[in-house]
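Please look through the sequence and the structure shown below before reading on. The paragraphs that follow lead from one part of the chain to another.

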Amino acid sequence: MSHATIVRSLSLQVLRQNKNFVSLFSVRQGSSASSTNLKEVLAAIIPEKQQEVAEFRKKHGKTKVGEVTVDMMYGGMRGIKGLVTETSVLDPDEGIRFRGYSIPECQKLLPKAPGGEEPLPEGLFWLLLTGKIPTQQQAAAVTKEWNQRASLPNHVITMLHNFPSNLHPMSQFSAAITALNSESKFAKAYSEGVNKKLYWEYTYEDSMDLIAKLPTVAAIIYRNLYRDGTSVCPIDTNKDWSANFAAMLGYDNPEFTELLRLYLTIHSDHEGGNVSAHTCHLVGSALSDPYLSFAAGMNGLAGPLHGLANQEVLVWVTKLRETLGGDVTDEQLRNFIWNTLKSGQVVPGYGHAVLRKTDPRYICQQEFAKKHLPNDPLFKLVAQLYKVVPDILIEQGKAKNPWPNVDAHSGVLLQYYGMKEMNYYTVLFGVSRALGVLSSLIWDRALGLPIERPKSFDTINLRKAVGDA
């Protein structure tokens, strides 16, 4: 019997025996915390979490955690507490925390590439799954696995090359991911009657395979649309996930690779209520395999109110420059912004559904720009907007959050390094978002979360429910 099989068998026994066995299991295995096998580490953690959740539900299953108002129901369920997402939580004041760690903490603590300055997405993925900061060796083990799993089936490669050039990059991305479900180990195991206690393992396998393949899919789309269909270079086993992605896209600037590591890390997860995360969770709750679930999430990400927002910001900033010229005074900027607001439009990149302060993801991109492109005209304009816009939005009095979000900055950085194809930016977002939503999907199956089915009302019955004659 293989070591992995023994680990799996012992992990399942924990559910049937007692919680003290988990610590004994870790001791017998020489401490799973030091293992570089992510699945093995996860197999040791899951039984503890399963028991914790079971005991918590038994004790507090009927406890109320909030209320639902009519405005919430008509207002897109904004503020309703109705989801469980283990991987990250969005605090209105602090911003996103990945397993309890803020973005500055992640930048400091997560492993980096040799000589690099930004965290490796591989390390963040380990953190999202396990709740633990990985060692350099553990992050490197994830890199090795993804490099080994990266090859695409021929039918998907053919499909990508046959897409018409007028098909949006996100449509191509979503379609290719859907077609990749021919490789689903979860779907195959389910059709063969696998025990539901093992659902998480096959979800894990599919998620690892999918994350490994996404840069190649995304790079082929980019090369076909914007680089005359030139070939994507093969995976270099000596490079990390982001470095291989940069090379396949055709960029050899080390700074761009560092930016990609930063970008793929900070866009990965934003708790469970955003459209892409919620959609992936919802579709996955029907036991659709990870490929189909993630593809559904990408169709949500493609919307202009979600993943296309950074593109919208860049279009607006470009229009601003064309209208006002190169050197813009603060007063000219104020007048332009007021005219924008008075015409019924919003200032793209400002405000957020949950955040009530400047998005930490904006701040870390700003710091990157200050270090690497302090004199770039577009960056200077974005920095000037940061100085002017919040006060105007506060004066207007309509915005709950007058501060910039992540989308206000990311496009400027990509433009500086030569990626000027704005239609493609959401594909980068999608590659990153896979880390968060697929980590969460693995935990959905580990915790046995059921199919999602909230109750809905029509207006007539809602009026009856609140006693409105």
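Which residue just after α14 takes a positive phi? In this model, which is predicted, that residue is L287, and its phi is about 65°. The helix that precedes L287, α14, spans residues 275–285, and its buried residues are S276, A277, H278, C280, H281, G284 and S285. An α-helix has 3.6 residues a turn, so residues three or four places apart point the same way. The partners of the buried residues of α14 can be named as well, for these residues pack against α15, which covers 290–301, and against α21, which covers 425–446.

From α21 the reader can go on to the loop that lies between α21 and α22 (459–465), where F457 is found. F457 counts as partly exposed because its relative accessibility is 44%, a value that falls between the 20% limit for buried residues and the 50% limit for exposed ones. Together with V68 and M73, F457 forms a nonpolar patch on the surface, and the accessible area of these residues together is about 270 Å².

Two residues in other helices, N244 and L378, can be examined in turn. N244 is found in helix α12, which runs over residues 241–249, and it counts as buried because its relative accessible area is 3%, under the 20% cut-off. A polar atom of the N244 side chain lies 3.3 Å from the backbone oxygen of K239. K239 also appears among the residues that N244 touches, which, leaving aside residues up to four places away in sequence, are N147, P234, I235, D236 and K239.

L378 has its place in helix α19, residues 377–396, and is likewise a residue that counts as buried, with a relative accessibility of 10%. When residues up to four places away in sequence are not counted, L378 touches L314, V317, R321, V412 and Q415. Between the C-alpha atoms of L378 and Y190 the separation is 51 Å, and these two residues are 188 residues apart along the chain.

How far the model can be relied on is a matter for the predictor's own confidence scores. The protein chain averages a pLDDT of 90, and 93% of the residues score at least 70. Over residues 1–30, however, pLDDT stays under 50, and for this stretch the model has 33 contacts beyond four places in sequence.

Notes. Residues are numbered from 1 along each chain as its sequence is written. This is a predicted model: local features need pLDDT of at least 70, side-chain atom pairs count only at pLDDT 80 or more; totals for chains, interfaces and linings use all residues. Side-chain values use heavy atoms; hydrogens and water are left out. pLDDT is the predictor's confidence in each residue, from 0 to 100. Contact means heavy atoms within 4.5 Å. Helices (H or I, at least four residues) and strands (E, at least two) are DSSP runs, numbered from the N terminus. Buried means under 20% relative accessible area, exposed over 50%, partly exposed in between (1.4 Å probe, protein chains only). A polar contact is a pair of N or O atoms within 3.5 Å; within protein, one must be able to donate a hydrogen and the other to accept it, and residues adjacent in sequence count only if both atoms are side-chain atoms. Patches are made of residues with over 30% relative accessible area and no salt bridge: like charges are joined within 9 Å, nonpolar side chains (Val, Leu, Ile, Met, Phe, Trp, Tyr) within 5 Å. Accessible areas come from the Shrake-Rupley method with a 1.4 Å probe; for residues, only the protein chains shown count as cover. A salt bridge is a side-chain nitrogen of Lys or Arg within 4 Å of a carboxyl oxygen of Asp or Glu.
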